[in-house]
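Student: Could you take one part of this structure and walk me through it slowly? I would like to see how you reason from one feature to the next.

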Amino acid sequence: MSSNPNSRQLPFADAATIVRAHQKDAYFESIYRTYLQDFFQILHGQRFINSYPQEITVLAKALYLSLTTLLGARTLGEEYVDLIYVNKTGKRLPRLLPRIGFILSYAVLPYIVSKIFKSFKSSSEEESKKDGSISIKQWLIRMFSNYYKVLDVILNVHIALFYFKGEFYSLSKRIFGLRYAFGHNKDPQKVQQQSGNYSLLGGIIILQLFVKSLMALKSYNDELVKKGEKTNTATQRDNGTRIHDINTLQTLSENFETDHIIDLSDESQLPYLPENSRNCMLCLSPMVNPSAAICGHIFCWDCIVDWIREHPECPLCRQQCAEQNLLPLR
Amino acid sequence: MAERRLFQEYNRYKKSPPSKSNPQIISLNPISEDNIFNWQAIISKPTKKDNPFYYGGQWKLSIAVSRQYPLEPPVIKFITPIVHPNINLKTGEICLDILKKDAWSPAWNLEHLLVAILMLLDSPEPDSPLNIDAANLYRHDPVGFQSMVQFNMWKVGSFVDVKKSTPTTITKSNQVIRDVSGSKIRAIIA
């Protein structure tokens, strides 16, 4: 990728330097954000800041970049490690149009897309509630709901690529052909050596992706198998304790309450409690979900919680006891 | 919750009546089984040993239990008028801390409250009176207080009726007049 050392062309930057510049920029962006926040606080009050945190971040990013990259100047991070933008070939500085495109796609576009996606989703959800038929729109929603997953994968691959080759840190830079070059002459062989340690990171990301996709494939396969099982033996219930998917987890959590009620009218429950202290002093019935106050007096959970919310003390001995001090017995 | 607890209490009182463990409690039951929230009770101080002022008397109480019971105390009032420093003569309202929200504990039941009221009869608290005249009399002239109590009991006819367990209502045939020592003078026969 780099040409021979004798040429007058500036050498392309390596991954490590670009990452360093990016970190520095992120730091300055966050400072920008704080200043903007202060500004809006004076202008519109704290409430405005709390309701539009995302917008302020985007604005800070866009402002920072348009004050530096758009004007043709370097960002503080780029200055820090002495990087300049060049175009794909590395022979000339990037034109204004790609720079504008980069800033828009880098700072503003993700926000706009997510906003559109959100409104699209909410409006279509309402519609799908009205009529249960599967329409093209619903198919679109499905596609969109996978949008983030797909984007995530693409970005990961891109980062891995960056770690391997050290070309473009973000996708929008690749699209608009903005590459970094060192502002000073550097021995390209040294550069090559230094970027070597980053390929390990790229390797890890690729490995992670590989494992993830394997797992996704497996769960997909399990689902298919399950579907087949269901059609074959519809009546047979899956009694396995392993949690296969979200659905079983959900049913488990729904059944959780009824499964774990401890009713002391059943003598096998908590046998260490003697017979004459198995009744709750408040409802005078055998305790359900016995819970101890700080002092050690035991009541039904429901009974004692109702009381302690109004009077934070034990009904029997009046020792101070807050709701969070109650200890359910198991 | 209130209903279940009240039925539990009712069953308990049916199984082992409070009158057995404490003879001063004559009865404690709901007015009708249809409404478990309205109870009535009869308490008594049969002999002079039980109480130097109120001996020979018995009183009917109304107990109104709220839906929040036992998180809130029931409202107990004397139906039978009684001269007592901490009991309103006209309304029967009782000034007793554990009948107020702050000092009430849900671990107590109706029987406990009756015991507490019986104890209030034994030791009046003239420093926080509802019946100021009675409090003054009790503080400065115990003998006069005793006479006053007994006179009032005679007036409203709230003496222990040995034959019946229900409180005596004034009918001429069973009205009994006693002197201050508690011994029977004569019965008025119509």
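Tutor: Happy to! Let us begin with a term: helices (H or I, at least four residues) and strands (E, at least two) are DSSP runs, numbered from the N terminus. Keep in mind that this is a predicted model.

With that term in hand, look at Pro70(B), which sits in the loop between β3 (57-64) and β4 (75-78) of chain B. What is the peptide bond from Tyr69(B) to Pro70(B) like? The bond is cis, with omega near 5°. Most peptide bonds are trans, and most residues other than glycine have a negative phi.

That second habit leads us to a loop of chain A, the one between α11 (246-259) and β3 (290-292), where Leu284(A) is placed. Leu284(A) is not a glycine, yet its phi is positive, about 60°. Is Leu284(A) buried or exposed? Its relative accessible area is 7%, and buried means under 20%, so Leu284(A) is buried. Asn289(A) lies in the loop between α11 and β3 of chain A too. Its phi is near 55°, again a positive value in a residue other than glycine.

Now stay with chain A and move to helix α10, which covers residues 198-232 and contains Leu217(A). Leu217(A) has 55% relative accessibility, and so it counts as exposed, since the cut-off for exposed is over 50%. Leu217(A) also helps to make a nonpolar surface patch of about 640 Å², together with Leu207(A), Phe210(A), Val211(A), Leu214(A) and Met215(A).

Charged residues are found in this helix as well. Lys218(A) forms a salt bridge with Asp222(A), and their closest N and O atoms are 3.4 Å apart. Why are the two separated by about one helical turn? Because they are four residues apart in helix α10 of chain A. Asp222(A) has a relative accessible area of 35%, so it is partly exposed. Side chains of opposite charge can pair when their charged atoms come close.

How many salt bridges does the structure hold over all chains? There are nine. Another one in chain A joins the side chains of Arg318(A) and Glu313(A), at 2.6 Å from N to O. Here the partners fall into separate classes: Arg318(A) is partly exposed at 30% relative accessibility, whereas Glu313(A) is buried at 14%.

For a third example, go back to chain B, where the side chains of Asp122(B) and Lys45(B) meet in a salt bridge of 2.9 Å, N to O. Asp122(B) belongs to helix α3 (residues 110-122) and Lys45(B) to strand β2 (residues 35-45), so this pair ties together parts of chain B that are 77 residues apart in sequence. Asp122(B) is partly exposed at 33% relative accessibility, while Lys45(B), at 0%, counts as buried.

Finally, let us step back to chain A as a whole. Its secondary structure comes to 12 helices and five strands. Of its 330 residues, 30% count as buried. Chain A exposes about 21800 Å², and carbon and sulfur atoms supply 59% of that area. Among the contacts in chain A with a separation of 6 or more, 60% come from residues 24 or more positions apart.

Technical notes:
Residues are numbered from 1 along each chain as its sequence is written. Chains are lettered from A and ligands numbered from 1 in the order in which they are written. This is a predicted model: local features need pLDDT of at least 70, side-chain atom pairs count only at pLDDT 80 or more; totals for chains, interfaces and linings use all residues. Side-chain values use heavy atoms; hydrogens and water are left out. Patches are made of residues with over 30% relative accessible area and no salt bridge: like charges are joined within 9 Å, nonpolar side chains (Val, Leu, Ile, Met, Phe, Trp, Tyr) within 5 Å. Accessible areas come from the Shrake-Rupley method with a 1.4 Å probe; for residues, only the protein chains shown count as cover. A salt bridge is a side-chain nitrogen of Lys or Arg within 4 Å of a carboxyl oxygen of Asp or Glu. Buried means under 20% relative accessible area, exposed over 50%, partly exposed in between (1.4 Å probe, protein chains only). Contact means heavy atoms within 4.5 Å.
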